[in-house]
Amino acid sequence: MTTRTALITGITGQDGSYLAELLLDKGYAVHGIKRRASLFNTQRVDHLYQDPHSNDPRLTLHYGDLSDTSSLTRIIADVAPDEIYNLGAQSHVAVSFEAPEYTADIDAIGTLRLLEAIRFLKFEEKTRFYQASTSEMFGHALETPQRETPPFNPRSPYAAAKLYAYAITVNYREAFGLFACNGIMFNHESPRRGETFVTRKITRGLANIALGLETCLFMGNIDALRDWGHARDYVRAQWLMLQQDCPEDFVIATGRQHSVREFITWAAEELGMMLAFEGKGLREIGVVTAVDKCRAPSVSVGDTIVRIDPRYIRPAEVPSLLGDPAKARRLLGWNPEITARQMCSEMVATDYAAARRHALLRDHGLALPVSIEG
Ligand code: NDP
Ligand code: GDR
């Protein structure tokens, strides 16, 4: 059997790293696009690195950027991929309010650039295309639970850009017969989640607080409700979508919803800290009511370890998202295997281990600064 070839944009991100693992396991030759940065930015895929001097490495990284048509077209021409997974994006909703034009360029027009490259190279018959669409397109959702069908109601420059990418993917499927699919993915997390997304900010922040590396977690809207799954489960759905007979769009979600506050409480429990919330709105605080000293030696009963900071309240919020994955279950045979609570436990364990390494260095006078800006 000939080796299938996949190209992943965003391979250095959370999903890109899990997807690369999955495809390598399945025997694919995997190519990824990384962008130039002033520091190494391949930590999430370093464990997959294969010496390019060795015979026939199956993972190859190429420099490129979703803003740069020529690099994208050149890489696609060289690689001639059977499957392209477009995971690259400015993916932070709050940041998109600060950098709306950049977000539109990368998330919306970047997708168009890839689709046009496929057309320009006459790869319509050869190359299947996956677009990382998002539940953020539902925004202030007009129907609950959310299914594959609009209405969409985007609430951020990120969501608006992703809505264009979704629509242009559907359009190229209908107009030019491309095998192109949208995965309308609800929030998915993991120990590899970026540190400024809410779940990771919580697990990392509380682990640091437990060991005295930070004192307080500053949060935005802790009443927000999300349908959280595990990235490892979600990349499996991405691959499945491109293995079908017909290209279609799928909602990928767990069908269960939890609040940010609940996630904070779970993470605190994992660290042996009981937490009670007092006050309301911007005055709300999380106070420790009991502590298992082994896990949280730096925390005492009565400590305030969570505060609300208006800096983290968004200009327009998406208060509640809940997906219905019935179509994915029916046609892809996809089911999430990891619950949000199990995922929280895994994330806390990983962040606690990292905090312990930091604390050990600190205790030997070798303290390294811990980045806490969320
Ligand atoms: P991450 O933020 O972890 O990864 C984003 C990736 O895109 C990184 O590899 C990043 O590179 C790369 N990237 C950013 N800008 C550019 C650019 N200009 N050119 C090329 N690459 C770029 O996101 P996730 O892995 O969590 O998400 C993957 C995709 O799925 C994204 O498109 C996201 O919007 C979408 N999505 C994510 C969901 C989630 O809950 N995780 C849910 C729904 C959709 P670098 O490492 O250098 O920063
Ligand atoms: P989201 O994820 O915006 O849903 O986008 P994020 O984890 O950033 O926020 C989830 C919810 O938590 C609230 N929140 C905070 N969020 C952050 N980041 N920091 C805080 O301090 C904080 N306090 C409360 C937010 O207001 C929000 O309601 C993610 C990204 O991965 C997108 O790329 C993806 O498309 C969607 O999920 C589905």
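**The ligand shell and the parallel sheet**

The shell around ligand 1 leans on polar residues: 15 of its members are polar, eight are nonpolar and three are charged. This comes from a predicted model, so everything below is a reading of computed coordinates. In total, 26 residues surround ligand 1, and the closest of them are G10, G13, G88, A89 and A132. Two elements give two or more residues to this shell, namely helix 1 (14-25) and strand 5 (128-134). Helix 1 is the top contributor, with three residues.

Zooming out, the chain is built from 10 helices and 15 strands. Its radius of gyration is 21 Å, close to the 21 Å that the globule rule gives for 374 residues, so the chain is as compact as a globular protein of that length. The C-alpha trace spans about 65 × 50 × 40 Å along its principal axes. As for burial, 45% of the 374 residues count as buried. Much of the contact map is long-range: among contacts with a separation of 6 or more, 74% are between residues 24 or more positions apart.

Now for the sheet. Strands of a sheet pair through backbone hydrogen bonds, in either a parallel or an antiparallel way. Here, seven strands form an open sheet with parallel pairing, and their order is 3-2-1-4-5-6-11. At the edges sit strand 3 (59-63) and strand 11 (250-252), each of which pairs on one side only. Ignoring direction, neighbouring strands of this sheet are turned by 20 degrees against each other on average.

Strand 5, already met as a contributor to the shell around ligand 1, pairs with strand 6 (residues 180-185) in the parallel sense, over six bridges. In this part of the sheet, T134 stands opposite M185 of strand 6.

Two helices are worth following across these strands. Helix 1, the one that gives the most to the ligand shell, lies across strand 1 (5-9), strand 2 (29-34), strand 3 and strand 4 (83-86). Relative to strand 2, helix 1 runs at about 165 degrees. Helix 7 (residues 231-241) lies across strand 4, strand 5, strand 6 and strand 11, and it runs at about 160 degrees to strand 6. Strand 4 thus turns up under both helix 1 and helix 7.

Key: Residues are numbered from 1 along each chain as its sequence is written. Chains are lettered from A and ligands numbered from 1 in the order in which they are written. This is a predicted model: local features need pLDDT of at least 70, side-chain atom pairs count only at pLDDT 80 or more; totals for chains, interfaces and linings use all residues. Helices (H or I, at least four residues) and strands (E, at least two) are DSSP runs, numbered from the N terminus. The radius of gyration is taken over C-alpha atoms; the globule rule is 2.2 Å times the number of residues to the power 0.38. A residue is buried if 20 or more other C-beta atoms lie within 10 Å of its own, exposed if 12 or fewer, and partly exposed in between; C-beta atoms are placed from the backbone. Two residues are in contact if their C-beta atoms, placed from the backbone, lie within 7 Å. A residue is near a molecule or strand if its C-beta atom, placed from the backbone, lies within 6 Å of it. Ala, Val, Leu, Ile, Met, Phe, Trp, Tyr, Cys and Pro count as nonpolar, Asp, Glu, Lys and Arg as charged, and the others, Gly among them, as polar. Two strands pair if DSSP finds at least two bridges between them. Axes are lines fitted to C-alpha atoms, for helices over the stretch in contact, and angles run from 0 to 180 degrees between N-to-C directions.
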